Amino acid sequence: MNTTQTANDCYVREVKTLPGSHAYAADFVEVMATDPSLKASDRARDRNVVWGLNADLSSEVTAEERALYISKSTDGGETWTVVARLGAEYFDAGIDEGLRNGLSVAPGGGEFVVTTQKGAFQVIPRGSDAVVTYIAGPRVPHDRPWVSITKKEGDPVRAAAAKMTADGKRLIVAYGYFDMDPKLFSYHRGRGEEWVEDGRLPQIPTDLQIFSMEWDKPERVRPGALYVGTGDQIYRLDLRTMKWSEVKGVESDSAIHAINTVGGLHIAACWGIYEPMSADLVWKVTDEVFIYHRDQDETGSNIRAYGIEVDPAKPSRQVVTALTGVYITTDGGQNWRRMNGLPEGEYRTAHFNADGTVIISGLPGTFVANPFASGCGPRLRTRDD
C-alpha cells in the first residue's frame, strides 16, 4: 500500500490477498457485509471493517479443495484474513454457486449465515476451523415442478438470500430455484443460539425465483418492511400487516439483482437502475451512457446491473456494478460515468469504506479504488484507453 497517497489521489489497486487458489474467479468477492449493529462511535473505531464471501470453485482446483471462504478485512479491502472455510459438502459447485450465494453477519461478527444450493447454514468460527450447522428449511417435494431442476425428492431446496436483524435475534431466509414456488421462512434465536423456524411467511405474489432481499431500515432491531427482488419485479412485505405490495415504477420482467435502502429504495436490475421516490415508488435512470454489451460500443439507458451501493456518509454518491463495467454518480443518479482504470469485464459487487474509498469486485478480480477523488476526471473511458 502506498502510504503517500492522499484523499485527492485517483487510484485503482488490485487485491491479491483473498484465500484460495487465485484461479479463474477465485479473487471475486460475490457478497460483502458489515456489522449491522455498529453505532457511530463504533464506526470511528472499526471504520473500514468488512466481511466478504468468495468461492474457489475453478476447474483447476480439485473437488476436495473447492471451498467457500468467509474473510475479514480491517483496512478497507487491502488485505483479507480467513474467518471460516466451508468445504464441498456444503454447496454444489456445479449449480450456480459462486455467483448467487448469500452472506449475513451477526452483531460483532462472531457468527454468519451463508446460503447455497444445499440450503442455509449457521457458521460460527472456532480458531482455524468453524462450526457449520444446517438451518432447517424446505425440501424438494414428491410432486416435482414442471420446470426441470437438478435435485431429487428430499433434497434441500436452494437457499437464495438471508437477512438477519440488527440485534441478531431474527432471520429471514428465501428459498427456491426455478421451482415456481419461491418461499420465505422466518426464524428466531433459540436458547442454544441455534436458529429455530417460526414458519413460512405469506406467499409472495410471483412464481419466479428470489434474487435479493433488504430491510427498509437495516439499522433497526425491528424494521418495518422487507423488500424482496425476484425474477420479474420487486415487492414490499409490511412486517406489521404481513401484506405484500408491488413497488411501482419498475419495468415489467425486470430481474431484481440487488436492493439498497440507504437514503431510500435503490434497485439494480436487468435492464435498469432505479432511484427512490417513496417507499413504494421508484424512477428509472435515463442517462444514456451505459454500454449494452462488452463486445459493443453502443450506449443507452439500459444496463444489466448486478449491484448498487450507496455511500452512507454521502448518499448522492453511488456505485453500480454491471455486465459492462462499473459506473458512478455524484448527484443521486441524475448523471453517471463509467469508471476508469479497471480491467474490462463483468463486475458484481461493491462496498463503500468509511473514508469514501470503494472495494469493487467481479470476474476480473477485486480492487480498492478512490473513484470520487478530485483527481479522477469525469472523462468517459473508451475502448482505446
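**A tour from one cysteine outwards**

Select C270 to begin: this cysteine is buried, with a relative accessibility of 11%. The cut-off behind that word is under 20% relative accessible area. Keep in mind that the model is predicted.

Next, show the whole chain as a cartoon. The chain contains 30 strands and 1 helix. Its C-alpha trace spans about 55 × 45 × 45 Å along the principal axes. How does the radius of gyration agree with that of a compact globule? For 385 residues, such a globule would have a value near 21 Å, and the chain has 20 Å, so the two agree.

Now colour the residues by burial. Of the 385 residues, 57% are buried. Turn on the surface as well: the accessible area is about 16600 Å², and carbon and sulfur atoms account for 48% of that area.

Then select the charged residues. The chain has 42 positive and 53 negative charges, and the mean positions of the two groups lie 4 Å apart.

Go on to C10 and C376. Which bond joins them? C10 and C376 form a disulfide, with 2.0 Å between their sulfur atoms. A disulfide is a covalent bond between the sulfur atoms of two cysteines. The structure holds 1 disulfide. The angle about the S-S bond is 100°, and the link of C10 and C376 is right-handed. C10 sits in the segment before β1 (12-15) and C376 in the segment after β30 (365-369), so the bond ties together parts 366 residues apart in sequence.

Finally, compare how the two cysteines are covered. C10 is partly exposed, at 45% relative accessible area, whereas C376 is buried, at 11%.

Methods: Residues numbered from 1 in each chain as written. Predicted model: local features only at pLDDT ≥ 70, side-chain atom pairs only at ≥ 80, totals over all residues. Heavy atoms only, no water. Helix = DSSP H or I, 4+ residues; strand = E, 2+ residues; numbered from the N terminus. Rg over C-alpha atoms; globule rule 2.2 N^0.38 Å. Buried < 20%, exposed > 50% of the residue type's maximum accessible area, 1.4 Å probe, protein only. Areas by Shrake-Rupley, 256 points an atom, 1.4 Å probe, with all protein chains shown as cover. Lys, Arg positive; Asp, Glu negative; His and termini not counted. Charge placed at Lys NZ, Arg CZ, Asp CG, Glu CD. Disulfide = S-S within 2.5 Å.
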